[in-house]
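Thanks for making time, everyone. Today I want to walk through the empty spaces in one protein model. Have a look at it first.

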Amino acid sequence: MQIAFIGLGNMGGGMAANQAKAGRIVRAFDVSKDALDRAAAAGCVAAASAADAVKGANAVVTMLPSGAHVRAVYEADVLPNAEQGAMLIDCSTIDVETARAVAADAIKRAMRPADAPVSGGMSAANTGSLAFMVGCAEKDFTEIESVLAPMSRATIRAGDYGAGQAAKICNNMLLAISMIGVSEAFALAEKLNLDAGRFFEIASKSSGQCWSLTSYCPWPGVIEGTPASNGYKPGFATALMLKDLRLARDAARSTGAVSPLGEHAEELYANWVEAGQAHSDFSSIVELFRRGH
Ligand code: NAD
């Protein structure tokens, strides 16, 4: 199988390396020479351009920063050069509207598109254990799943084109709200002189239990190995959470959905980025409540 891989950054670098490790021919491209050199050292073939990478590929995987990047690379390089029947799998986290628009353009050219954003950070990208949520035609899913297999611990079809991005945006809005909820509760518990470890034990067995509490507790020293217990080194950076909350806000506005807590979460994360915490883990938001501003 020949794969074109475009976007070899924090996530794409490890993902492309896992494709090469699985014995696939990976023609890789990134505008950053350093990223391209790292991919070549990991067994990929460095292509001269994105257009060059996609020629002859059975599948084109993109892992780019935003919807604007995806649209530009699709219009200039992928759509004019990919083979008919090629699978075009975008794993970036982008807006639903762009995902649907590039899918429609791909279908017009007899290509097979999918939006397949991921859950899991750099370490899951490096170890091939990402979760993929996929928006694609039902008939294409099995083949898309097999392309993603060397990078994946779970691949779930969310629905038709754009559904993968929709699932990602809704999940991350929920995650931000629950992380803020857990953080507020711990900050209040501290003011009430409640021991953090004892509160954790109680809430974990009570109705406040959730992933943000029991797997990713934002209070330092409560769970070993979390970003909170490691100086809030990401993990999942605050800037990326803010990006996803902005996608959720735009999606809510364009569909008329009511999501006041999602909007408030975006405001709080924007304040936290402004406070210089863009590169801290998103669970560091607890400090915003501890500091009281
Ligand atoms: P990154 O900035 O590290 O990597 C993006 C790469 O794309 C860079 O190497 C950049 O040079 C390259 N690029 C930009 N424009 C290009 C172009 N025109 N042609 C070729 N290459 C180009 O970002 P990342 O952390 O790898 O994230 C990628 C995507 O994955 C984002 O959409 C992000 O939201 C999503 N995501 C990230 C994480 C995470 O923890 N980092 C987790 C889940 C999802």
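Which helix gives the most to the lining of the largest pocket? Helix 8 does, with 6 residues. Keep in mind that this is a predicted model.

Let's start with that pocket. The largest pocket holds about 1300 Å³ of space. Its lining has 47 residues. Closest to the centre are Met 11, Gly 120, Gly 121, Phe 236 and Leu 240. Several elements give two or more residues to this lining. On the helix side they are helix 4 (67-81), helix 6 (122-127), helix 8 (163-191), helix 10 (211-214) and helix 11 (238-255). Strand 7 (118-119) belongs to that group too. By class, I have 24 nonpolar, 17 polar and 6 charged residues in the lining of the largest pocket.

Now the ligand. Where does the ligand sit? The ligand sits in the largest pocket. Around the ligand are 22 residues. The closest are Asn 10, Met 11, Asp 30, Leu 64 and Lys 243. Met 11 therefore comes up twice: it is listed among the residues closest to the pocket centre and among those closest to the ligand.

Let's go through the polar contacts. Asp 30 uses its side chain: a polar atom there lies 2.6 Å from an oxygen atom of the ligand. Met 11 uses its backbone, with an N or O atom 2.9 Å from a ligand oxygen. Gly 9 also uses a backbone N or O atom, at 3.5 Å from an oxygen atom of the ligand. How much of the ligand does the protein cover? On its own, the ligand has 840 Å² of accessible area, and the protein covers 82% of that.

Helix 4 and helix 11 are the elements that give two or more residues to the shell around the ligand. The shell splits into 10 nonpolar, 9 polar and 3 charged residues.

Next, the second largest pocket. Its volume is about 360 Å³. It is lined by 18 residues. Val 96, Ala 251, Ala 252, Ser 254 and Thr 255 lie nearest its centre. Which element supplies the largest share of this lining? Helix 11, with 7 residues. Helix 5 (96-108), helix 8 and helix 11 each supply at least two. The classes here are 11 nonpolar, 3 polar and 4 charged.

On to closed space. How many cavities of 30 Å³ or more are there? The count is 1. That cavity has about 70 Å³ of space. Its lining includes Tyr 74, Leu 88, Asp 90 and Ile 94. Ala 99, Val 102 and Ala 103 are also among the lining residues, as are Pro 113, Ala 114, Asp 115 and Gln 165. Strand 5 (87-90), helix 5 and strand 6 (112-115) each give two or more residues to the cavity lining. By class, that lining has 8 nonpolar, 1 polar and 2 charged residues.

Two backbone details before I stop. A cis peptide bond joins Pro 234 and Gly 235, with omega at about 15°. Gly 235 is in the loop between helix 10 and helix 11. The other detail is Ala 110. Its phi is near 60°, a positive value in a residue other than glycine. Ala 110 lies in the loop between helix 5 and strand 6.

Key:
Residues are numbered from 1 along each chain as its sequence is written. This is a predicted model: local features need pLDDT of at least 70, side-chain atom pairs count only at pLDDT 80 or more; totals for chains, interfaces and linings use all residues. Side-chain values use heavy atoms; hydrogens and water are left out. On a 1 Å grid over the protein atoms alone, a cavity is a set of points where a 1.4 Å probe fits but cannot get out, and a pocket is an open set with protein on both sides within 12 Å along at least five of seven lines; lining residues have an atom within 4 Å of a point. Grid points are joined across faces, edges and corners, and a volume is the space filled by probe spheres set on the points. Helices (H or I, at least four residues) and strands (E, at least two) are DSSP runs, numbered from the N terminus. Ala, Val, Leu, Ile, Met, Phe, Trp, Tyr, Cys and Pro count as nonpolar, Asp, Glu, Lys and Arg as charged, and the others, Gly among them, as polar. A residue is near a molecule or strand if one of its heavy atoms lies within 4 Å of it. A polar contact is a pair of N or O atoms within 3.5 Å; within protein, one must be able to donate a hydrogen and the other to accept it, and residues adjacent in sequence count only if both atoms are side-chain atoms. Accessible areas come from the Shrake-Rupley method with a 1.4 Å probe; for residues, only the protein chains shown count as cover. A molecule sits in a cavity or pocket if more than half of its atoms lie within 2 Å of its grid points.
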